[in-house]
Amino acid sequence: MKVQPLVHTKEKLEDLVLSCLTESKKQGATSAEATVNIEHGLSVTARLGEAETLEHHNDRGLGITIYMGQKKGSASTTNFEPSAIKDAVTAACKIASFTEEDECAGLADAELMATNMQDLDLDHPWGVSPEEALEIAIECENTARDVDKISNSEGASLTTSQGTTIYGNSHNFVGSYSSTRHNLSCVVIAEQDGNMQRDYWFATTRDPKNLESAASIGRKAAERTVSRLGARKISTQSTPVIFEANMARSLLSHFVSAVSGGSLYRNASFLIDHLDKQVFSDSITITEDPFIKGGFGSSSFDLEGVATKARTLVDNGVLKGYVLSSYSARKLAMQTTGNAGGVHNLELQAGKKSLDQLLKQMQKGLLITELIGHGVNTVTGDYSRGAVGYWVENGEIQYPVDEITIAGNLKDMYKKIVEVGNDVDRRSNIITPSLLIDEMMVAGS
């Protein structure tokens, strides 16, 4: 049995959006925008060699935002019948009648609408049946469980989904795209001398042909878990730190939050008034490229229909741009950067050294492979998180460590990045290699 998607052609969905806009005008809106999303998929989990969960999902929704001059109202529905559309528009208009005028409210400027819709290779459906999906998950988990010292498992999961988004507004703009996402992950537990450790591995891709094999993911999950056995505490000290590529992504996420319009106009960012100033060390360049084929952040337009553009956000450590929607841009007396909805393939440009070479350069310090908790204040930049990883001496891993906390301030941490690896992790719309930070405080025993 295969997943049966909701039957809605692209043309019918576009007609649905246009009917929303027409109804909004009938009810007195001066402008409006509407978005339709549909998604269908399959998710399975296998644990201890047997099926644990199997879920199909077929989701849909329509959101309408109308403007009465500078007043705004929004409503949504999962019912695509004409009467339900009319009711949603009526609800949005009623909400707008109760809101205050906001001089920054309104659609993005008409001249900024996207006109060049590129084929970004995002849509690769996978006709995998539940039975086949379970076989893949079981193989993944069994491979991990066959590794010595693996004593238990939290399971292996395979998820596949396909979705279509249609956006339109009163500027006569209608844009659409379909995309897929396929994930396979495994979480296992290792035990030795009464000590237990847990770790995982995962893969995610647009095209199932590019998905890492079940055996490879299971093996990596097991190897990472076993390598954490015998973890120790280390003494409190100031030391160099390497963030493994997957962990380095979080540092860029905090940066994105700090340069996003919502944080800036609310004065809730440690990077206010830092445009054209040194924010990172001069070895850091960060780009945004919405047009990467198959990228997880690829799109020809943002959530307001604004054309996206490739750009350099940080050039040799200097901040060259913010992340703005039309609303936040107006609040800041600037122009939208085409980032309503977030960034589009933000990438920290890789260096030339492998992770092993970074370890040798560091000589002595901490390699971080997992972060715990959310102790980050993007208003002040203060940073404090639990961490797990490995202690390094003479450029080589000596033993695993846990129950430690790393602390600093993001302003200082960014400027103390002394080397960038070449081990780029592309499993997200924020793309990062490993990073070596010259000094951080590590709290242990």
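Ala, Val, Leu, Ile, Met, Phe, Trp, Tyr, Cys and Pro count as nonpolar, Asp, Glu, Lys and Arg as charged, and the others, Gly among them, as polar. The exercises below concern a predicted model.

**Exercise 1. The largest cavity**

Task: find which residues line the largest cavity, and sort the lining by class.

Solution.
1. The count of cavities of 30 Å³ or more comes to one.
2. The volume of the largest cavity is about 40 Å³.
3. Its lining is made of Thr 35, Thr 165, Tyr 167, Tyr 177, Phe 301, Asp 302 and Leu 303.
4. Sorted by class, this lining has four nonpolar, two polar and one charged residues. Tyr counts as nonpolar and Thr falls among the polar residues, because the class rule lists Tyr with the nonpolar residues and does not list Thr as nonpolar or charged.

**Exercise 2. The largest pocket**

Task: describe the lining of the largest pocket, and state which strand supplies the largest share.

Solution.
1. The largest pocket has a volume of about 590 Å³.
2. It is lined by 30 residues. Nearest its centre lie Thr 165, Tyr 177, Ser 179, Arg 206 and Phe 296.
3. By class, the lining of this pocket holds eight nonpolar, 16 polar and six charged residues.
4. At least two lining residues come from each of the strands S1 (31-47), S2 (50-68), S4 (150-169) and S5 (173-192).
5. S4 gives the largest share, five residues.
6. Thr 165 and Tyr 177 belong to the lining of the largest pocket, and they also appear in the lining of the largest cavity.

**Exercise 3. The sheet of six strands**

Task: give the strand order of the open sheet of six strands, and name its edge strands.

Solution.
1. The order is S3-S2-S1-S4-S5-S6, and the pairing is antiparallel.
2. The edges are strand S3 (71-77) and strand S6 (195-205), each of which pairs on one side only.
3. On average, neighbouring strands of this sheet are turned by 20° against each other, direction ignored.
4. Within the sheet, S1 and S2 are joined by 17 bridges in the antiparallel sense. Ser 31 is placed opposite Tyr 67 in S2.
5. Helix H1 (residues 10-26) packs on the sheet and touches S1, S2, S4 and S5. The direction of H1 makes about 140° with that of S1.

**Exercise 4. The sheet of five strands**

Task: explain why one side of each edge strand of the open sheet of five strands lacks a neighbour.

Solution.
1. The strand order is S10-S9-S8-S11-S16, with mixed pairing.
2. Strand S10 (318-319) and strand S16 (430-431) are at the edges and have a single partner strand each, so one side of each has no neighbour in the sheet.
3. Inside the order, strand S8 (residues 286-288) and strand S11 (residues 346-348) pair over three bridges in the antiparallel sense. Ile 286 has Leu 348 in S11 as its bridge partner.

**Exercise 5. The partners of strand S7**

Task: determine in which sense, parallel or antiparallel, S7 pairs with S17 and with S12.

Solution.
1. Strand S7 (residues 237-243) pairs with strand S17 (residues 435-443) in the antiparallel sense, over six bridges.
2. With strand S12 (residues 365-372), S7 pairs in the parallel sense, over three bridges.
3. Val 241 takes part in both pairings: it stands opposite Ile 437 in S17, and its bridge partner in S12 is Leu 366.

**Exercise 6. Helices H3 and H4**

Task: describe how H3 and H4 cross, and list the residues that meet.

Solution.
1. Two packed helices are described by the angle and the distance between their axes.
2. The axes of helix H3 (residues 130-145) and helix H4 (residues 214-226) come within 7 Å and cross at roughly 35°.
3. The crossing of H3 past H4 is right-handed.
4. From H3, Ile 136, Glu 139, Cys 140, Thr 143 and Ala 144 meet Ala 214, Ala 215, Ile 217, Gly 218, Arg 219 and Ala 222 of H4.
5. The residues of this contact comprise seven nonpolar, two polar and two charged.

Conventions. Residues numbered from 1 in each chain as written. Predicted model: local features only at pLDDT ≥ 70, side-chain atom pairs only at ≥ 80, totals over all residues. Heavy atoms only, no water. 1 Å grid on protein atoms, 1.4 Å probe; cavity = no way out; pocket = protein on both sides within 12 Å on 5 of 7 lines; lining within 4 Å. Points joined across faces, edges and corners; volume = space filled by probe spheres on them. Helix = DSSP H or I, 4+ residues; strand = E, 2+ residues; numbered from the N terminus. Pairing = 2+ DSSP bridges. Axes fitted to C-alpha atoms, helices over the stretch in contact; angles between N-to-C directions. Left-handed = near helix turned anticlockwise from the far one by under 90°. Contact = heavy atoms within 4.5 Å.
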